[in-house]
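Trainee: Hi, do you have a minute to go through this model with me?
Mentor: Sure, let's put it up.

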Amino acid sequence: NDIQFKYVSVPIIFLISGLKLKTDEIRDAFKAWRALIWGLLSILLVTPTVGILLTNLLPFNVVEPGNYSVGGNDSTGNGTDDVIVERTPFGHENIRVGFYFILVAPCTISSGVVMVSEIV
């Protein structure tokens, strides 16, 4: 049973970061419950909602389903490829779905802690 490095290293990083905290800092953090609620709401609701609304404003390629009897570029040559009706700089409309996945995934707190602790 080999324990992978990533399963050991991440908890160690959190443990070391936690041990470096002062008791007063922990107490102050719990007193700032409004900031905690705002942080959670902005990460989980506000940012994804605004991002999705803005993504919907971007022009993506207009695509119609295939099933055309002539032409087509699929491997069988029977004309069942999707047909791009209008090309835009943002590419295929499925890229929009990729944007959605990125927007709804919460940012990692650990990377934020590392970045902030390096500044301070």
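Mentor: We'll go through the aromatic pairs and then helix 3.

Trainee: What should I know about the model before we start?
Mentor: This is a predicted model, where local features need pLDDT of at least 70, side-chain atom pairs count only at pLDDT 80 or more, and totals for chains, interfaces and linings use all residues. Residues are numbered from 1 along each chain as its sequence is written, and side-chain values use heavy atoms, with hydrogens and water left out.

Trainee: Cool. How many aromatic pairs are there in the whole structure?
Mentor: Two. A pair means rings of Phe, Tyr and Trp (its six-membered ring) with centres within 6.5 Å; planes under 30 degrees apart count as stacked, over 60 as edge-to-face and the rest as tilted. In one of them, Phe60 and Phe90 have ring centres 5.8 Å apart and planes at 55 degrees, so that pair is tilted.

Trainee: And where do those two sit?
Mentor: Phe60 is in the loop between helix 3 (33-57) and strand 1 (62-64), and Phe90 is in the loop between strand 2 (83-86) and helix 4 (94-104), so the pair ties together parts 30 residues apart in sequence. Helices (H or I, at least four residues) and strands (E, at least two) are DSSP runs, numbered from the N terminus.

Trainee: Is Phe60 buried or exposed?
Mentor: Phe60 is buried, at 5% relative accessibility. Buried means under 20% relative accessible area, exposed over 50%, and partly exposed in between (1.4 Å probe, protein chains only). Phe90 is partly exposed at 34%.

Trainee: Which residues make the other pair?
Mentor: Phe60 and Phe99, also tilted, at 6.1 Å centre to centre with 55 degrees between the planes. Phe99 lies in helix 4 and Phe60 in the loop between helix 3 and strand 1, so this pair ties together parts 39 residues apart in sequence. Phe60, Phe90 and Phe99 form one aromatic cluster.

Trainee: Switching to helix 3, where does it bend?
Mentor: At Ser42, by about 45 degrees; the bend is the angle between axes fitted to the seven residues ending there and the seven starting there.

Trainee: Which residues are buried in that helix?
Mentor: Ser42, Pro48, Gly51 and Thr55 are buried in helix 3. Leu57 also lies in helix 3, but Leu57 counts as exposed, at 67% relative accessibility.
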